[in-house]
Amino acid sequence: MITVDEAFARIIAQKIELPVTELSLEEAVGKVLGEPIYADRDFPPYHRVTMDGIAIRYEAYQAGEDTFRVEGLQLAGAPAQTLTSKDECLEVMTGAILPKNTDTVIRYEDVSITERRGKRYAHILAAPKMRLQNVHQQGSDRRATDLLIPEGTILSPAEIAVAASVGKSSLKVAEAPRVAIISTGDELVEVTQTPLPHQIRKSNSYMLQAALREQGVTADVFHLADDKALLLNELSEKLKKYAVLVLSGGVSKGKADYIPEILQELGVEQLFHEVAQRPGKPFWFGKHAAGPVVFALPGNPVSTFVCYYKYIQPWLRTVLGAAPAWNLQAHLTTEVTFNPKLTYFLPVKIFITANGIWRAQPITIGGSGDFAGLLAADGFLELPPDQMKFSAGESFPLICFRG
Ligand SMILES: Nc1nc2c(c(=O)[nH]1)N[C@H]1C(S)=C(S)[C@@H](COP(=O)(O)OP(=O)(O)OC[C@H]3O[C@@H](n4cnc5c(N)ncnc54)[C@H](O)[C@@H]3O)O[C@H]1N2
Ligand code: MOO
Ligand SMILES: [Mg+2]
């Protein structure tokens with residue numbers, strides 16, 4: 001049996017190849033970029049006027065000129081005009097290309113424009129401080145051919161803007177892995193069926209599917225009976241088609257708990273079986289040489305739940321290139337005792353005080369089968385195995401399953 005930390009480390013170390021697909025800019029946000037993005041031109045691509053005003057030649061002002069006849073108008077979107085006389089100026093608008101023979105922009109607020117005999121003159125009120133004032137210089141942000149966004153970046157709206165500006169209407173992005181959720185157990189019937197007295201409806205697969213969906217991953221759901229030959233056959237097929245298998249049930253010591261031996265028979269290397277935790281101790285994890293990663297979770301619903309949020313969710317974040325989740329901590333509201341030398345995932349309700357302190361109130365549930373008990377909880381406090389008494393006010397890592 002290994003510790004929770006060791007189990008976590010072994011899971012996080014597993015890499016899988018993600019298929020690459022091409023998505024429109026709108027659809028690509030939040031995804032992992034599957035190609036590098038380079039600058040096709042300088043950023044900005046021309047000397048860009050940054051203030052509405054007039055453009056002059058700085059040396060003319062330095063030579064003592066402070067009133068310039070307005071020769072014309074340079075609008076944004078129009079090709080560059082040329083200033084014909086350095087003692088004159090052109091009106092320029094924000095976003096326009098800086099006219100040829102000019103190098104300095106003075107905003108309207110710093111000039112006074114007057115008209116005399118049908119001609120307009122700009123008199124400078126506030127001295128320009130330097131050449132290229134109010135000019136966003138060509139190539140000052142990035143140079144043509146510069147690497148702008150490396151492959152593997154998570155695409156936020158900032159990356160989308162840059163990609164659009166270099167003419168990429170669609171982007172290669174890493175797709176989520178193909179995930180199969182497979183529940184096992186002869187006592188389980190469909191949600192749409194009325195169970196017999198000795199049967200129950202499946203709930204783990206729906207919980208897992210919903211949790212994956214919240215992470216932007218769609219999964220196919222299957223159910224397999226506790227039949228060795230069938231399991232061997234079906235799991236062999238699933239290993240060929242899916243990059244990730246999430247199983248629930250059949251991993252403990254029962255006469256029909258075939259999953260660990262069958263997975264190994266199919267060539268899935270066991271990376272661990274049993275973790276020093278409650279709930280979720282019989283958790284089995286392995287990897288097939290051909291690529292697929294297999295999480296075989298204990299069937300008890302709260303165990304399935306805990307194992308998903310503690311291990312699968314962070315692993316998927318890593319695989320998908322998402323930033324790690326925040327390391328949340330919360331303070332116990334009341335004392336808790338737990339004697340076994342196991343990490344204890346305690347269901348808790350969270351309250352945030354006016355000072356921003358996260359407080360965790362233990363929720364009593366009827367063991368790892370009581371998934372209805374989780375309705376009153378927001379997450380689990382991870383209580384370490386080397387402690388038996390956990391005092392009120394002490395703070396511990398928190399795994400939250402509500403937004
Ligand atoms: N002799 C021992 N027995 C058990 C041990 C042990 O150490 N020694 N461990 C217990 C612990 S802890 C757990 S957790 C369970 C794990 O059992 P399995 O992974 O083998 O799961 P099952 O036996 O198939 O089912 C357990 C329980 O969960 C219900 N279940 C299963 N799948 C679903 C589903 N999709 N939806 C809803 N409920 C499900 C199932 O009906 C059982 O009640 O083993 C203990 N036993
Ligand atoms: O550890 Mo099991 O997961 O409690 O029922
Ligand atoms: Mg069992």
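Helices here are DSSP runs of H or I with at least four residues, and strands are runs of E with at least two. The model is predicted.

**Exercise 1. Describe the chain over residues 180-318.**

Step 1. Find the annotation. An unreviewed UniProt entry lists residues 180-318 as "domain: MoaB/Mog".
Step 2. Read the make-up. This stretch is 36% helix and 27% strand.
Step 3. Check the ends. The end C-alpha atoms are 19 Å apart.

**Exercise 2. Work out the strand order of the open sheet and identify its edges.**

Step 1. Trace the order. The six strands run β17-β14-β18-β22-β21-β19, with mixed pairing.
Step 2. Pick the edges. β17 (219-224) and β19 (268-273) each pair on one side only.
Step 3. Add the twist. Neighbouring strands are turned by 20 degrees against each other on average, direction ignored.
Step 4. Take one pair. β14 (residues 179-184) and β18 (residues 244-248) are parallel, with five bridges. In this pair, valine 179 sits opposite valine 244 of β18.

**Exercise 3. Place helices α1 and α8 against the strands.**

Step 1. Start with α1 (residues 4-12). It lies across β19, β21 (284-288) and β22 (293-297). Helix α1 runs at about 155 degrees to β19.
Step 2. Turn to α8 (residues 301-319). It lies across β18 and β22. Helix α8 makes an angle of about 160 degrees with β22.

**Exercise 4. Which residue coordinates the magnesium ion (ligand 3), and where does that residue lie?**

Step 1. Name the donors. Asp257 (OD) and Asp257 (OD) coordinate the ion at 2.4 to 2.5 Å.
Step 2. Apply the cut-off. Donors are N, O and S atoms within 2.8 Å of the metal; water is not among the atoms, so the site may look incomplete.
Step 3. Locate the residue. Aspartate 257 is in the loop between β18 and α7 (259-265).

Terms used
Residues numbered from 1 in each chain as written. Chains lettered and ligands numbered in written order. Predicted model: local features only at pLDDT ≥ 70, side-chain atom pairs only at ≥ 80, totals over all residues. Heavy atoms only, no water. UniProt positions renumbered as here; feature names shortened; annotations may be inferred. Pairing = 2+ DSSP bridges. Axes fitted to C-alpha atoms, helices over the stretch in contact; angles between N-to-C directions. Contact = heavy atoms within 4.5 Å. Donors = N, O, S within 2.8 Å, 3.2 Å for Na, K, Ca; no water.
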